[in-house]
Structures are given as structure tokens and as C-alpha cells.
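The following exercises concern a single protein model. Each task is followed by a solution that proceeds step by step.

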Amino acid sequence: MKSAFGRALLLGGLAVSLLAIAIWVFVPRSPRPIPPRPAGERPTLLLLTSLPLVFGEDFSIQDHGSPALEALRKRYKVVSISVTDPDELKKGGLLLMAQPIAQPAEDLVALDRWVEAGGRVLILADPMLEWPSKRPLGDPLRPPAMFMDTGLLGHWGVRLDAPDRRGEEQRTLGGFRVLTVSPGRLSGTCRVAPDGLTAHCRVRKGEVTIVADADLLNVGELGSGAAYNLDGLLSELASLEALVIR
């Protein structure tokens with residue numbers, strides 16, 4: 001009787017151990033957050049965006065920037081630019097474009113040449129931006145409702161499609177589970193993630209990462225579900241940064 005009871009305990013303990021190992025191996029876990037860097041070690045990050053990341057829509061002097069900007073500034077010396085012309089691009093080797101306004105044709109050519117020469121760019125290209133704005137439709141300072149693709153993504157071998165339905169969705173960015181809002185879907189000849197959120201393209205000496213959502217930066221409005229959104233952004237930037245040839 002005691003022997004049977006002992007065997008049962010042993011088998012029960014073995015089952016618990018095997019279950020714990022299975023959970024450890026197969027249940028996905030978020031990677032460690034990207035740590036801040038000392039001020040003197042922060043490389044330049046060029047930032048081109050139509051979103052109210054640096055200033056709010058009111059351009060108040062009391063506005064100290066968004067949570068996304070604060071996170072970026074803990075790892076980079078952030079330099080805002082308004083166009084992708086050669087003079088602006090020469091200021092750095094790493095660029096974040098977050099739902100930018102449409103760039104003139106000559107500046108798109110300049111961006112393509114900059115990438116081919118070794119530049120790295122992360123583009124948040126949202127085909128259905130849900131970011132709230134007090135500015136009326138047609139206001140040039142209002143972020144564009146859709147990414148203004150004038151052929152550059154296709155030139156790099158990527159297609160961006162609008163979502164079939166609107167709403168929040170969990171996706172993966174830089175190894176983190178992130179909360180997106182009405183994200184698009186990417187496809188093409190580049191390395192595209194299974195969930196269609198990201199595409200990674202090699203362009204001669206340079207690298208391009210495209211993310212089919214920009215609302216994920218609005219962490220102040222998205223709540224606890226967006227706890228890892230900025231970690232995902234920083235992780236993608238870190239991957240590009242490691243490849244900068246400058």
C-alpha cells in the first residue's frame with residue numbers, strides 16, 4: 001500500500017516537473033526591455049514624423065514631448081528633420097520615419113540613395129491611422145490618415161495593404177507582443193513577419209524595416225495592453241543600429 005502510494009507521489013511529482021519544463025520551453029515570453037544609455041554614448045537618430053511626438057498639436061512650450069520621444073531620448077540623440085533631402089540625411093546614419101507626410105520625388109530619390117550607401121531606416125507606415133486629432137480634415141498639420149506611398153515601398157519590393165477590419169490587435173514587434181490599432185499587412189520579396197506587421201529589406205549596403213502601424217506609438221492612450229510597444233520599437237531600432245556602417 002505504502003509502495004503504491006509512494007509510486008503515485010513520484011509519478012505526480014514527475015508530471016508536475018514535466019509540465020513546468022513544457023511551460024518554460026513552449027510558452028512565449030517577452031525579451032528583456034532595452035536599457036537606457038549614458039548621455040555620452042547615445043548615437044544620432046534622425047526623426048521625421050507628422051505625429052505629435054515632439055510637440056502636441058497645440059505646440060505649447062509646456063509640452064515636453066510624448067512618452068515615445070522620452071523613450072527614444074534615453075537611447076539616442078534625437079534630431080528632428082522635415083524632409084529627406086541629402087543635407088538632412090547626412091546628419092546621421094539611422095532614421096525613424098513615423099507616418100511622414102508625402103516627400104517630394106527628388107527627396108525620395110535622395111532617401112533611396114542614402115539607404116543604398118549604407119543608411120538604415122525604420123518606417124512606421126500606417127494605411128489606416130486611428131490617432132485622434134483636433135485638427136480638421138485637410139489641415140496640412142494633421143497627420144495623414146494613410147501612409148502616402150509614392151512608389152518607394154514597391155521599389156524596395158514591399159506591398160502595404162489596408163486592414164480588412166478596424167480595431168485593436170496584438171502583434172509582434174522586435175520580439176515583443178505589442179498592441180496595434182487597425183494595422184495593415186505587408187507582403188512582398190523582403191523578409192516579412194508571419195503576422196504581416198513587419199518587413200525587413202536589404203537594399204544594397206543599407207537596411208529598411210517597415211512596420212504597418214503607427215498608432216502603436218500612442219501608448220498614453222492605449223493603456224496597459226501597450227506596455228511593451230516602445231520596447232518593440234527600440235528593439236527594431238537596435239537591430240538596425242547594429243548594422244549601421246558609419
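**Exercise 1.** How many of the six residues of strand β11 (residues 206-211) are buried, and why can the strand be called largely enclosed or not?

*Solution.* The model is predicted, so local features are taken only at pLDDT of at least 70 and side-chain atom pairs only at pLDDT 80 or more, whereas totals for chains, interfaces and linings use all residues. Residues are numbered from 1 along each chain as its sequence is written, and side-chain values use heavy atoms, with hydrogens and water left out.

Step 1. Strands are DSSP runs of E of at least two residues, helices are runs of H or I of at least four, and both are numbered from the N terminus. Buried means under 20% relative accessible area, exposed over 50%, and partly exposed in between, with a 1.4 Å probe and protein chains only.

Step 2. Six of the six residues of β11 are buried, so the rest of the structure largely encloses this strand.

Step 3. In a regular strand, side chains alternate between the two faces of the sheet. In β11, G206, V208 and I210 point one way, while E207, T209 and V211 point the other way, and all are buried.

**Exercise 2.** Determine which strands pair with β11, and in which sense.

*Solution.* Step 1. Two strands pair if DSSP finds at least two bridges between them.

Step 2. β4 (residues 120-124) pairs with β11 in the parallel sense over five bridges; here L124 stands opposite V211.

Step 3. β10 pairs with β11 in the antiparallel sense over six bridges. V211 of β11 is the bridge partner of T198.

Step 4. The hairpin of β10 and β11 has two residues between the strands, and R204 takes a positive phi near 50° there.

**Exercise 3.** Describe the surroundings of V203.

*Solution.* Step 1. V203 belongs to strand β10 (residues 198-203). Its relative accessibility is 8%, so V203 counts as buried.

Step 2. A contact requires heavy atoms within 4.5 Å. Apart from neighbours within four places in sequence, V203 contacts D112, V115, E116, W156 and V208.

Step 3. R113 lies 90 residues from V203 along the chain, yet their C-alpha atoms are separated by 9.6 Å.

**Exercise 4.** Examine helix α4 (105-116): its span, its buried residues and their packing.

*Solution.* Step 1. The expected span of a helix is 1.5 Å times one less than its number of residues. For the 12 residues of α4 this gives 16 Å, and the end C-alpha atoms are 17 Å apart, which agrees.

Step 2. The buried residues of α4 are D107, L108, A110, L111, D112, W114 and V115.

Step 3. These buried residues pack against α3 (86-89), β3, β4, α5 (152-155), β10 and β11.

Step 4. After α4 comes G118, with a positive phi near 125°.

**Exercise 5.** Compare Q99 and R204: is each buried or exposed?

*Solution.* Step 1. Most residues other than glycine have a negative phi. Q99 is not a glycine, although its phi is positive, about 45°; R204 is not a glycine either, and its phi is about 50°.

Step 2. Q99 lies in the loop between β3 (94-98) and α4, and R204 in the loop between β10 and β11.

Step 3. Q99 has 0% relative accessibility and therefore counts as buried, whereas R204, at 65%, counts as exposed.

**Exercise 6.** Locate and characterise the disulfide.

*Solution.* Step 1. A disulfide is a pair of cysteine sulfur atoms within 2.5 Å. A search of the whole structure finds one: C190 and C201, whose sulfur atoms are 2.1 Å apart.

Step 2. The pair links distant parts of the chain, 11 residues apart, with C190 in the loop between β8 (185-188) and β9 (191-192) and C201 in β10.

Step 3. The torsion about the S-S bond of C190 and C201 is about 115°, so the disulfide is right-handed. Both cysteines, C190 and C201, are buried.

**Exercise 7.** Where should the model be read with caution?

*Solution.* Step 1. pLDDT is the predictor's confidence in each residue, from 0 to 100. The mean for the protein is 87, and 83% of its residues reach 70 or more.

Step 2. Over residues 16-28, pLDDT stays under 50, and the model has three contacts beyond four places in sequence for them.

Step 3. Where pLDDT is low, the predicted coordinates should not be read in detail.
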